[in-house]
Amino acid sequence: MADAAAAARSEFDAGLVARMAQGEDAAVSALYDRWAGALLAVALRITRDRADAEEVLAEVFAQAWREAPRFETTRGSVAAWLTTITRSRALDLLRARGRRKRLEETAAIEPALPPSYGQGPAAPDRPVEDRERQAAVRGALAELPEPQRVALEMAYFEGLSQSEIAERLGQPLGTVKTRTRLAMEKLRDTLRPYYYAEPAA
Amino acid sequence: MSPHDDASLRDLAAAYALGGLSAEETRAFEAALARDPSLAAEVASFREVNALLAEAGGTLPADPALKARVMARVASEKERQLPAPGRTARPPARGPLPWAIAAAALLVVTSALLYRDLGRTRTELQVTRADLVSARDSLAVQAQTLVTLLGAGEDLAVVQLTATGAEPPGMRLFWNQRTGRGVLQAYRLPPAEAGRIYQLWLIRDGVPVPSQLFNSGEDGLALVANFTLPTGEGITAAAVTEEPAGGSPQPTTPILLIGTLPTT
């Protein structure tokens, strides 16, 4: 179960979405201040292009605006909702751009990205519970068996499909699927105390 | 039925939450999702993991110009979606004209600037009731300015000024050609050097006519509402240069931003 501080923040986020559904610009503004930085990093890791990532971010908030009236807290947190939209729009854009070409490109954008897991200190300007959560996620990732962690990071950060990962690693597709599933299940079990909200069963 | 039964589809929930399934698998999974609420809960729990990974993955500075752009996109969404009979201070509906959307976007940019001035509503707890009320009042004033502009009807020209470069500055000029009033809004424009200022020029028959002086803030945004512009014929473009404070009768530096008037 999420702890009290996280629950309060999650409730605050949900309140912002409710106000956004009422048409309040201030709620969009506050939601942007709270989440844009993390969502932009997610989009940039997948699109590897700053202009594309910014376009994705604009699309994300437009879609969130449209869908806010249908947002239900019982189905998960605002963080998960926004992250899902961001990843979907980034992957859509990648497909539109022709992801095959992108797979062959080098990682030229890397210096613009925040430090990867296990590198660099946790962001010092975040509240304590955020830093604890960040440390917990990094710790949980570090504890994954290497092959699982690699498959997960390719899927999550690079937005590669399971078959693209199989191709990249030269491993059978079934193996990649199993590794991804085991990695996500382990993260879920380890990190459940840090969830922004507990989805209803 | 697909080659998958529901039990093996359950094994794909993590990959689905990551968006990593093939189109065919995605279709099969979503069909199962619709008939199995416990599968939806499974996906939801993996999406919480995604959210944790997102924040733990670090953040990038999402600068004010980008925020203005995002807010503008939301505003155009609003324009398209909501007839909003209960909402006040909306410009009269004139159909999905590009300038109407741009004007609504400007309203939101204005509100972003007002917000900044109203005391840095950066953190969630600072979004107070009082701020909202003041912002709403100020917005009403700004909205009247916009309505004046929108009242121009077909006499309103919107000029998009652009520059080159990786993350180039940009500017929009809204010009009521009947009354000779305008609003300009620039973004990603670094403040002019000390002792310098930006100057707007209108190009008439190839000759730059001096116009409004302005500067941008540290956030790269500039907004000048309701300034005077010429009403005459023969103006084909607008441009911006950096000039000594006080402005110049002729441009003394290369053109920084330029845009042509829409032809009528």
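Begin by selecting A:Arg45 and A:Phe157: the charged end of A:Arg45 sits over the ring of A:Phe157, at 4.8 Å from the ring centre. Keep in mind throughout the tour that this is a predicted model.

Next, pick A:Arg87 together with A:Tyr156. Here too a charged end sits over a ring, with that of A:Arg87 lying 4.5 Å from the centre of the A:Tyr156 ring.

**An aromatic pair in chain A**

Now turn to ring-on-ring contacts. Searching the whole structure gives five aromatic pairs over all chains. One of them is worth a stop: select A:Phe71 and A:Trp81, whose rings form a tilted pair. Their centres are 4.9 Å apart, and the planes make an angle of 50 degrees. If you colour chain A by secondary structure, you will find A:Phe71 in the loop between α3 (50-67) and α4 (78-97), while A:Trp81 belongs to helix α4 itself. The pair therefore ties together parts of chain A that are ten residues apart in sequence.

Are these two partners buried or exposed? A:Phe71 has a relative accessible area of 16%, so it counts as buried, the cut-off being under 20%. A:Trp81 is buried as well, with a relative accessible area of 14%.

**A backbone stop in chain A**

Stay in chain A and move to A:Arg48, which you will find in the loop between α2 (25-47) and α3. Look at the backbone here: phi of A:Arg48 is near 60 degrees, which is a positive value in a residue other than glycine.

**Across to chain B**

For a second positive phi, select B:Arg188, where the angle is near 50 degrees, again in a residue other than glycine. Which strands flank this residue? B:Arg188 sits in the loop between β3 (181-187) and β4 (196-204) of chain B. Switch on a surface and check its cover: with a relative accessible area of 27%, B:Arg188 is partly exposed.

Finally, zoom out and show chain B as a cartoon. You can count seven helices and eight strands along it. Chain B has 264 residues, and buried ones make up 48% of them. To see how the chain B fold is held across the sequence, consider contacts between residues at least 6 apart: 61% of these join residues at least 24 apart. With the surface of chain B displayed, you are looking at an accessible area of about 12300 Å². Carbon and sulfur atoms account for 56% of that surface, so colouring by element makes a good last view.

Terms used. Residues are numbered from 1 along each chain as its sequence is written. Chains are lettered from A and ligands numbered from 1 in the order in which they are written. This is a predicted model: local features need pLDDT of at least 70, side-chain atom pairs count only at pLDDT 80 or more; totals for chains, interfaces and linings use all residues. Side-chain values use heavy atoms; hydrogens and water are left out. Helices (H or I, at least four residues) and strands (E, at least two) are DSSP runs, numbered from the N terminus. Buried means under 20% relative accessible area, exposed over 50%, partly exposed in between (1.4 Å probe, protein chains only). Contact means heavy atoms within 4.5 Å. Accessible areas come from the Shrake-Rupley method with a 1.4 Å probe; for residues, only the protein chains shown count as cover. Rings of Phe, Tyr and Trp (its six-membered ring) pair if their centres lie within 6.5 Å; planes under 30 degrees apart count as stacked, over 60 as edge-to-face and the rest as tilted. A charge sits over a ring if NZ of Lys or CZ of Arg is within 6 Å of the ring centre and within 35 degrees of the ring normal.
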